[in-house]
Amino acid sequence: MNLILKLLFLAVSLTPALTLLTWGDGTLAWPLFGGFELLFELGPLSAFFLLLLALGTPLVALPMARGTPDRAAYGLFALLLLGMQMLLLAGDFLGLFIGWEVMTWSSYLLLIRSTRTTLEGAQTYILFNLASAFLLLAGMLVFYSLTGDFRIAPLTEASAAGRWAVFILLGLAFLIKVGALPLHRWIPLGYDQAPDLFSAVLAGLISKMGLYGLLLLPTLFPDALAGLSGRLLNGPAAGYGLAWIGAITAVVATFKAISQQDIKRLLAYSSIAQLGYVVTAIGVGSSLAVGGAIFQTLVHTLVKLLLFITFAGIVLQTGQRRFNDLGHLIDRMPMAFFAVLIGIIGLAGMPPLPGFAAKYLMFVGLIDARWLLLLAAMMLSSTAAFIYCYRLIYGPFLGHANSPEARTATEAPWSYLVPQVVLMGLLVLLGIFPGFAIEVIVDPVLMTLGLTPIGAPSWGELATPYGGYDGVVLMTVFGGAFVIVTALFWLARGQMRRAGSPYDLSFAGEVPTADTPLHYGAGMGRELRRIPLIGWILAHTTAGVQAGLTRQTLAAAGLLGGLYRRDPQTWTLLAVLVLVVASTLLALNGGWF
Amino acid sequence: MHVLLDSLAMIALCYVMGFLFQGFYRQFNARLQRRWGPSIWQNLYDNMKFLLKSETLIHGPMFFFGPMIIAAGAITTLLFVPFLKDSDWLQGVSTHGNLILIIYLLVVGPLGNALAVGSSGNPFGVMGVTRGLTRLMGLEVPFFLGLALVMLQHETTSVHAIMAAQDGIAHWNLITNPIAFAVILLPFIASQNASPFDVVGAPVEVYAGPRVEFGGRLLGVLMTQNMMMTIAKLVLVVDLFLGGASNVLELIAKAFALFLLTTAISAAFPRLKTEQTVDFFWKVPLGLAVLGVVLNVWLI
Amino acid sequence: MLEFLDSPSVLHGLHTIGSLTLFAVGLYGLLGKRHLLKVFISLALMELAVYLLFIALATTPGETAPILSDGLTAFVGMADPVPQALTLTAIVIGMAVLALGVSLAIRYHRLSASADIRTLADAKD
Amino acid sequence: MYHKSDCEGFQCEQRMLEANLGQDDAGLGVVERLIGWLRQRSLFVLAYGTGCGAIEMRPLMTSRFDAERFGIIGAATPRQADVLVISGYLAVKTLKRVIRSYEQMQEPKYVIALGSCTINGGMYWDSYNTIKCLDHYIPVDMYINGCMPRPEALIEGFTALQERIRRGEPGGYQRYRDNIDWYKANQRRVFGDNMPPAYTYDWYSEGAT
Amino acid sequence: MEFSASPVWFIALPLLAAFSAPLWTRWHLLDHLLFGVPLVLLILALGLFPTVHEAPLLETIVIAPPLGIHLHLDSASLLLVTLFCFAVTLVAAFLWLGATDSHLRGRRPFVLILLLLVGGNGLVLTGDLFNLYVFLEIAGVSAYVLSALRDDRPALEAGLKYLIIGSVAALFFLLAVVLVYLQTGQLNLAAVAREFAAIPPAMQGLIALLMLIGLGIKSELFPFNFWVPDVYRGSDPAVTALFSGLLVKAFLFVLVHLAVLIWADPAVARVWLMTLGALTLIVAELAALRQDDMRRMLAYSSLGQIGLIMLALGFFSETTTAGAFFHMINHTLVKLLLFLVAALLLRRCLSLRLEDLAGAARVSPLAAGLFVVGALGVLGLPPFGGFMSKLWMLQGFAEAQRIWPIALILFAALIEAGYYFRWIRVLYAPVAPAASADTKTTPEPWAAYAPLLLIAGLMLLLGVAPFLLETSVVEAAHALLDRDLTLQSVLGVAQ
């Protein structure tokens, strides 16, 4: 019975792949009311995001299916998949919204299945997401009032004010979903408190739906948002604000990530930052930048799935999730180490993994648009990202074990390892063949958005008008150099000896012990606070604003609730008073006003 | 075959230039301090001595692979930098790369090595790595922005194309885009790990920083790559701002001139703290870079 | 001497004033008295005021009862029968509500030893 | 040797050590000679400032005497150092650190001891917690006498050491490896239960791999 | 004798059944009949849809309008009657199947619930003002007793409060009726509508105001709805389900119906009704944020939804009105579901307070799951029916380029989400529930869940296939808004 249930669950997790493969060109319409229909069709843009789903869901479902089956979680996961697929396939705003909402609440219910969720975390998650959903609804209603239709189609004939309203409402809705500052607070709370494997879905797949929405904006406002308000330098002026939002998000979130003590919170902030790049690139709107954005979306999905699944495995094995409590797992969980290594290389956007190709396209896009200050901000964020990437691998895997669990941990079960291997393989392959990804995955989407495709001379090459690079050559040279150097060294290694103990350190002649505070992971980045800009950023959060808002709302609620606690005489008095005042007014006005 | 020979030649040239230049640097500093200083070959001796040490201690596999990664990274980096223009030789695989790739490759090796440092478990090493990454965060922004000005000027990221465009001393980017050069100069010194931005591996302060646990032949590998990397970066800046070189002698001359400039600056200033470094880079060179952006993008 | 009272407008005016006074008294009781029974009595008073107003204003002096009998074959000079019928119905309903209220109040008093309307407001969760 | 009149005390010992400096290195191949030459040309010094001799290291390294011209330069950590300079008397407490540092150095490694305190305790000859004869605990390659020796003497000692390295003579590290049990027994006598953990030295017993 | 499908049955049948209760008690048929009578009426109502689709049914009693009393069954009232019968059927099924407490079984609740149905049906069917007053009182009296049914202190307090404020409301309404009769000499709604414009304006205003306040108290609009939470808190959840699902809807309908018929100027009525609706919506949702008792919370939520419906009805556009009708249906379903779940939880956890319900999902997972479904439905989240009706209303506003109600509704929905999800989170809190851990209550029989599951299924069905109800809802909106049509069908002449 359990086995059948698990197999069923795995089969459900394959539905995005099936949809992607079998849908074809057909459309599906479902009537609602008043002549409105839900229209489902599969365009290249949807197909791209569906591809992400198709990749991600089985990989998360596999470890989820481990152990005693959690029926409710399986059911909710199926609903979540249903919602996301509806959202992507929808040809009109109605379907988009319905899918969006189903996704929102089913993900919320999945989220609170973790024992770690606090009331604050859960409320923040659902309220931010519902605010996003309602902004989307408001945006689509304004759209409807302008066009009389819910179909997703270019908005060309509306007034400027109307178009700005749609742009701002929809933009805000999707920016909340990708966690742009200052509307990001639900992400660290939610990703941190969600069940460990579900965090992978949240970061890898659900956040992508916000990007899908943002990529719809160029569809609504053709000519890559330039139709909205003209151009600034070489890019659309409307996108300039969007791009700055993305850049500031990236910078601030990166510094926040560096200062986190909890692995999953760090990953959450890094997710915000990474999606900030994508927002910036979408704001630029040129084919290079948007191509980079799509590429980055792909890479970020793979990377975040890989990292969250791996860390879910680590948490499963050790029960620890703070940098202070882990360490030196490299010997005990080598597979996880490699997974995280590949993951952070992808996260940092280092060659030869595909993260670099995405960053390259975005950088070139920014240079092409001549928005160099944005380029500087992105560069700042992506170099600062090295610090948290290093922390991510140093904290759990290197250094010294800081808890009994970390000293005795073993490798995660195979259902965690299989997704890791698959994702690592995909990342490496994409790194070697960036041209393949461009030609097969990115270009069709660009053409749907009305942009010129980037194209690739060969699968290994990434080519832009600004020059490109060859992934195969890069990988060959690097790999070859590594092999040759290592071989030469190994041949002439002399007398090589492994230290007898991890505490065999040069420590000013001292002999450190397990009690010596050797793990620098906890304090890493502390001295960054002394840099004025970073210190300022780290000293400020939006938590206070949110708390204040909550407090004020609750105070208003208390005030109004107090009205309801009187006796019948007061109620009667009020009714009589209303009568008297209103009739007096009537009498004075001499009639019905 | 050609590529292999060419690559070997580049590596050899880099190595030789590397120890000679660094030897010169030590001599130069010694003379400034009224000392005789070591022989110009001293870096070769040091390096060879370490490579010939009979014992090497490692702290696990990752500790062993770190120096290999950094060496491979250095070799990859220098193979992607074209040494000469209009020549078949000393090109490596530079036609398959571009400037942004090189900038990122510069970081690959050190990050690989940082894993080894972390693997050793020595807190001083990790402290050094953190300082290095922090400094990188500071220097990379103006550095990249300065280079972006050049890329913007030539509308390409290909080093070859940028070199080809500077076909006379009047077209050197040093002359046509002096702000960009001024912007990158100090970050460039920092990226060479030279004084005054060398707090990362300060021997007394953080116990040699990232290298604290490395000894024996592994340290030899680290020194080797360091010399090669120094030259690769110099050549890159020569390519970008001094019009590249048509033959090896010209290359050495230009690189030496640039090296002299950076050495003089290094020798003149005392060491800055990490946060001072970052703050400085985000104020002076970045301010200059923003000025350059405003001039280049908005006004011209 | 008091014939002027028979003129419909005066009579209607008086009735209006009277019923409004009654209404006001009831309202005062409803709003100001704390005992539940007094509150119900006040409610009944207000209802009575409304009935009075209805009956009084729907009838003019001199009209006969609306019964067709010998000699009276047409609806002439009769009072409108509808208000009376309605008032009767309303009185019955009002009576029922009053009885219900009083019975509830008595039960409440038995349970809580209180017939104070203010204690109703203290309902705690 | 000690009876000859042209030397007295440790000078005789020093002379004994220096006796064969002038001789040619016999039986070495080209590669070994090259290696020896390169090694002697570059000495990284871990200066252990245990006593007053530490003050003499500064003029040695700075402009006046400039040891760098001989390829002698300071190293921050024992991992990178070739020469351990013990610059004065050693208390039990410092001896422990010295031994730890010495064991962390990578071979080939050498020890230079400064001043009379390291030879026989010097003016602390009757102190209750000062090490009298350093050579019993770690193998000293070169003593430089004096109290304290001037930088010129230091240079003299360093060049003497360089000469020995050039000729490929086995250094003290070989002696330490061969007689590890004796050294450890001596150390244990001083430290008692306070020995460093076994992993710091037990690999010596396993022999070269 | 030929059976005639007359609207009278909707009143007569439950009345008959209620008054012959002693008979049923003896024959042990109370449960069956409480379930059967509304079920029969429900089937009857469903069968009437095709007929009413052709033309409204007019059932005159004794004399033809405008002189006599008549029942007027058009699409709007038929829809509501169907809804009421359905609600009562479900609650009856729940009481029957769910091993309910004794005070909810037996003759008293039998009579009262059927009378409540009579009152609700009568309110929407009648075409006569005074009749309206009578039905208002019937519904009111049965509601007062129902809320005091449990006969303990909170229930009696609730009943007393309800009775006092309800009597005041009835008094206001009666005064308005009296004034209307005195001014026009008519009681038939259509006739009054025709002649209302002839009344002096000041008197028009006074009458309208009195009606508004009287019906406002009954239909829980903002400045008159302070009694609601207390009454809902004191009554049994199964009973409040009927209040919220049946009674309020009837009064709301009457209010709007009167407004359409009598207030000739829709612009003025729109201002008043929309203002009241908006105030009710926002105040109730805000006040609900801090409620720690589930019944109070549901009461405020109910108020908010009433405000929302009022806002949409008051706009007097066909789309929003259709949406509002649809929302009435959905809201009835949802509130039935939520209150019945509350009844189950109350029995299980012995309390409905927030802290006592923490972790209740562990002891009654199905009830908690149904609460989640209900919350999603009331918030208007797809795929449940609430979303479609909300969308319908919003789309009506968007069509008319009216943005502020959209913003208001969405904002209120966000606040509503704030407290509903708080409750969900508490139900699913990872702690063992306090009370039920030691009380060895037997789990509810599956049959108790059957009506709830039916409701959930219907909500889902309406969310997925809203077109099923489209024609009836649109016709209802048409029937409600088209004043001339009503006048014509009642009086036989167009005005």
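UniProt positions are given here in the numbering used for this structure, and such annotations may be inferred rather than shown by experiment. With that in mind, I opened my notebook on this predicted model.

**Entry: chain C**

I began with the UniProt record for chain C, an unreviewed entry. It lists residues 12–32, 39–59 and 85–106 under "transmembrane region". How much of residues 39–59 of chain C is helix? I found 95% helix and 0% strand there, with the end C-alpha atoms 31 Å apart. I then checked residues 85–106 of chain C, where the span is 100% helix and 0% strand. The end C-alpha atoms of that span lie 32 Å apart.

**Entry: who touches whom**

Next I looked at the chain pairs. Which chains share the most contacts? Of the six pairs of chains in contact, that is chains A and B. I also noted two pairs that stay apart. Chain B and chain C do not touch, and their nearest C-alpha atoms are 58 Å apart. Chain C and chain D have no contact either; their closest C-alpha atoms lie 68 Å apart.

**Entry: chains A and B**

I went back to the A and B pair for a proper look. Here 66 residues of chain B are in contact with 60 residues of chain A. Several elements of chain B each supply at least two residues to its side of this interface, among them strand S1 (55–58), helix H3 (61–80) and helix H12 (274–299). Which element gives the largest share? H5(B) does, with 16 residues. I sorted this side of chain B by class and got 40 nonpolar, 18 polar and eight charged residues.

One detail here pleased me: a strand of each chain takes part in a pairing. Strand S7 (residues 495–498) of chain A and S1(B) pair in the parallel sense over four bridges. Within S1(B), I found Leu57(B) as the bridge partner of Arg497(A).

**Entry: chains D and B**

Chain B also meets chain D. I saw 17 residues of chain D in contact with 28 residues of chain B. The side of chain D that touches chain B has four nonpolar, six polar and seven charged residues.

**Entry: chain E**

Last, I turned to chain E, which has 21 helices and two strands. Why call chain E as compact as a globular protein of its length? Its radius of gyration is 21 Å, close to the 23 Å that the globule rule gives for 495 residues, so the description fits. The C-alpha trace of chain E spans about 70 × 60 × 40 Å along its principal axes. Of its 495 residues, 68% count as buried. I also looked at contacts in chain E between residues at least 6 apart in sequence: 80% of them join residues at least 24 apart.

Definitions and conventions:
Residues are numbered from 1 along each chain as its sequence is written. Chains are lettered from A and ligands numbered from 1 in the order in which they are written. This is a predicted model: local features need pLDDT of at least 70, side-chain atom pairs count only at pLDDT 80 or more; totals for chains, interfaces and linings use all residues. Two residues are in contact if their C-beta atoms, placed from the backbone, lie within 7 Å. Ala, Val, Leu, Ile, Met, Phe, Trp, Tyr, Cys and Pro count as nonpolar, Asp, Glu, Lys and Arg as charged, and the others, Gly among them, as polar. Two strands pair if DSSP finds at least two bridges between them. The radius of gyration is taken over C-alpha atoms; the globule rule is 2.2 Å times the number of residues to the power 0.38. A residue is buried if 20 or more other C-beta atoms lie within 10 Å of its own, exposed if 12 or fewer, and partly exposed in between; C-beta atoms are placed from the backbone.
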